Amino acid sequence: MEADDTYQKELDDASKTCVYIPPRKPRKQRLYGAQRNASSKHVGGRAREERSNGDRSRIDEYELRMRAYRAAWDRCLSRVQSILRRLQAPIVQEVTAKVARAYVDVLPGLPYPELPVIALHGANSSLVGDIASQLEHGETAVPNGTRNSGRSSPPASLQVHLDPAECGSVLNMMKGVITGFVDRAPGPKRKPTTSLANFDVNLLRVWHAAQEGRPGLVVFLHDFEKFDVHVVQDVFYICSMHVPQLPLVFVLLMASPPAPSFLHSAYPRSTLALLRVHPVVASSGVAMIKEVLNKTLFDPDFDPYIALGPTILEFITDFVMRHSASPDVLVSLLQLAYMKHFTHPLSLLALDHHVTRILTSETLATSPELRPLVEALQVRLLTATAPETQGRSRPTTPTSPRRLNFVSRGAKTTTGSARDLLECVSDARLEFHRQARRMRIAYRIAVIAERVALGESHPNPGKGNEGGGRLDSLEALSAVLRGRAGSQIRYVCMAVKKLPQPKLRTLFQQLHAFLWELDSAEVKRDEEEARVFIVAKLNQLPPESEDPETGDDQLPPAQTPAVKQLATALGDWLQTYIEERLVRLDEQTLWDVWYTGNTPFPSELINPAPRPTVVAALLHPYDFAHAHAGLVRATEDASASVMRMGEDPPHEPELWELPDTSIAFRRYVEAGRMVNVYDWFESFAVVLETQRKKLRKKARRAEQQASSRANGTRTPRKGRASSRSNSRAKMDQDQDMDDDEEDEEEEMDEEEEERWKVEVQARFIRALHELDYMGFVKHTGRKPDHVIRTIYDVPD
């Protein structure tokens, strides 16, 4: 119940497209833990206190990482949602205004009232959530021009959200619309024998007439293209007969483009004549994705816990341009990138322990589960004390080598050394975020200079100018992180040196406004020298002449010597300023704790291959079983999983050791296009016979070993003679085992043999049904005793 309450909030959040719920421990372990706690109640107070202290010191490293991930992702998600909310505010206001005035702005003289319909093209979950929240809780415009906040009076509109799966027929769709409104209001329970049917629209009319304030009724149809056309057509006809007494408004959420309109191409003219359609196009596309990425990853006023590397940004850019430029897709990609990063053990240190209190020095010193993490961290910090390469303007080590050596030499982690270790990590975190902030500021200044010097970017950046791609494009973000934007920066600085006086003044003003409007006082203090330089140069600009003398209006005014000197000084300063700050973040100490670097994106999670995966699982089932067991071990005991990483992988199992379905599939792969079921069964039975012999042999050997241990038989001393005698004894034992098996086979009676044949047939039928259920078998009516293979390209 605690886990359900923990994740209930995330499951109820409509904006979240992915929720991770870690696997729980098996029921036997939970019962064993409960019994152990119950049996310890008779222990004295001192022993109970010592044991409780030991339980508190036992920390689940995986749970701590998940808590750190949740805090980091919530910060990033809140930032993305705030940006999307700001970008989509005009669309939200437009839709809510149309809903509020749906029965006010009506054309006079119509032969019959029309049903208001809002066709929202390009809708996403964030936009729909903002619209629903605005209609239910936010301020909604009403016809008389006042505002209704929904606090002291009922909301202006009530909502019902319907999906195609629950609207398979007219009866179900009408029931969903009516009960969605009627059942939400508190009141006496309706008696089915004395009230109208729950699919009768008159029930909704009676209920609405009894409501205070007569609120509007809004019906959201999600994935409108997937609804049955005939069902929606009949529902529109029924609802149009009860307006305006029943103020229904349908909002059609469509992913299709506005032209050609799906509504006009799929529905007949007789249905469209009953509707008053208001098309609304939501803002989406590459421009919105670019704005969200810039404001989330390259905004000086926002410092994310995790910085994405160039490889992940390149994948996101390519996926957005090739497949879908939707905000929902971007949120899913960012969340998967965060989840991938927090699979690294050191990612537990990504958050500031002084603020979040997820990891403390006492926990780090006393928990044995965190010992591998402490050792790995000590090794990383010890390597950070190596001398820096020559040519660095400043060292990137977070603290003095003396402290790092003191921490890394500690054989036993105490609270003091753990505190010093966390302080070293905190210093490295501050240095990394400082360098990342300096890089973001330099990038924004370079973009401002490029926009003023080269003008606004055109639709095909990188093909229309000699300077290559623009810095404000999506492709340039990964180049900036890799440190490969030097050519474009030099080109921009060269263009700044040739700016005329009006554009130079504009550039000075925009740079000063950018540095002055920074939110953080610490960042302003760090950029004080740059702001003083810009203000001084701005004051040195000569006043502009009222009547500039130019021979041709198309040519820019020529530079005066004073303007040329200031432009040259600004260009040189910009080049030095930007190049010093656009550094590679993967050169910092412990950079992989807060930076993804060149880690590839887990593309298999968004582009899965179910068919090769199923085939591989049938051919090598134990590989998948071991991978699942490793995941469960990681959730239960992190230290044990770290220790087992160095173990040798298990041997390749023989055919008789595989499950029945895998054995049948192996024989299926070896057959031709048409498989004779009887031959298939005979080959399957041969493998099961071998399996029976091997298992009986292993059981007999285990019994002999157990009996020898019970009789107290000692193993001979090590040596050449003993090894020779052991090998001879083993050969004799195997020979005796084989003889016993032959005797046993001869001694099998008819009843036991018949039971074995029935068991083989049942196991084959079960394996055949499983393969048939997975789609590997196709039946033919021409040959009842044959089946057709459905796959042929099976890997070895």
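Reader: How many of the six residues of strand β4 (residues 157-162) are buried?
Author: This is a predicted model, in which local features need pLDDT of at least 70, side-chain atom pairs count only at pLDDT 80 or more, and totals for chains, interfaces and linings use all residues. Residues are numbered from 1 along each chain as its sequence is written, and side-chain values use heavy atoms, with hydrogens and water left out. A residue is buried under 20% relative accessible area, exposed over 50% and partly exposed in between (1.4 Å probe, protein chains only). Strand β4 is largely enclosed by the rest of the structure, because the number of its six residues that are buried is five.

Reader: In which sense do β4 and strand β5 (residues 216-221) pair?
Author: Strands pair if DSSP finds at least two bridges between them, and β4 and β5 are linked over six. Among the bridge partners across these two strands are S157 with G216 in β5, and V160 with V219 in β5. The sense in which β4 and β5 pair is parallel.

Reader: Which residues of β5 are buried on the side that includes V218?
Author: Six of the six residues of β5 are buried, so β5 is largely enclosed by the rest of the structure. Both faces of β5 are covered, and on one side the buried residues are L217, V219 and L221. On the other side, the one that includes V218, they are G216, V218 and F220.

Reader: Which residue in β6 is the bridge partner of V218?
Author: β5 and β6 run parallel and are joined by five bridges. Strand β6 (residues 248-254) is also joined to strand β1 (residues 115-121) by five bridges, again running parallel, and there V117 stands opposite F250 in β6. For V218, the bridge partner in β6 is V249.

Reader: Which strands are the edge strands of the open sheet of five strands?
Author: The open sheet has the order β4-β5-β6-β1-β7, with parallel pairing. Its neighbouring strands are turned by 20° against each other on average, direction ignored. An edge strand here pairs on one side only, and the edge strands are β4 and β7 (275-281).

Reader: At about what angle does helix α5 (residues 89-100) run to β7?
Author: Helices (H or I, at least four residues) and strands (E, at least two) are DSSP runs, numbered from the N terminus, and the chain has 33 helices and ten strands. Axes are lines fitted to C-alpha atoms, for helices over the stretch in contact, and angles run from 0 to 180 degrees between N-to-C directions. Helix α5 lies across β1, β4, β5, β6 and β7, and to β7 it runs at about 170°.

Reader: How many charged residues are in the contact of α31 with α33?
Author: The axes of helix α31 (residues 677-710) and helix α33 (residues 750-773) come within 10 Å and cross at roughly 120°. In the contact (heavy atoms within 4.5 Å), residues of α31, including W680, F684 and R692, meet residues of α33, including W756, F764 and L771. By class, this contact has eleven nonpolar residues, two polar residues and, for the charged class, five.

Reader: What relative accessibility does R581 have?
Author: R581 has its place in helix α25 (residues 561-581). Not counting residues up to four places away in sequence, R581 touches R438, M439, A442 and E527. R581 counts as buried because its relative accessibility is 10%.

Notes: Ala, Val, Leu, Ile, Met, Phe, Trp, Tyr, Cys and Pro count as nonpolar, Asp, Glu, Lys and Arg as charged, and the others, Gly among them, as polar.
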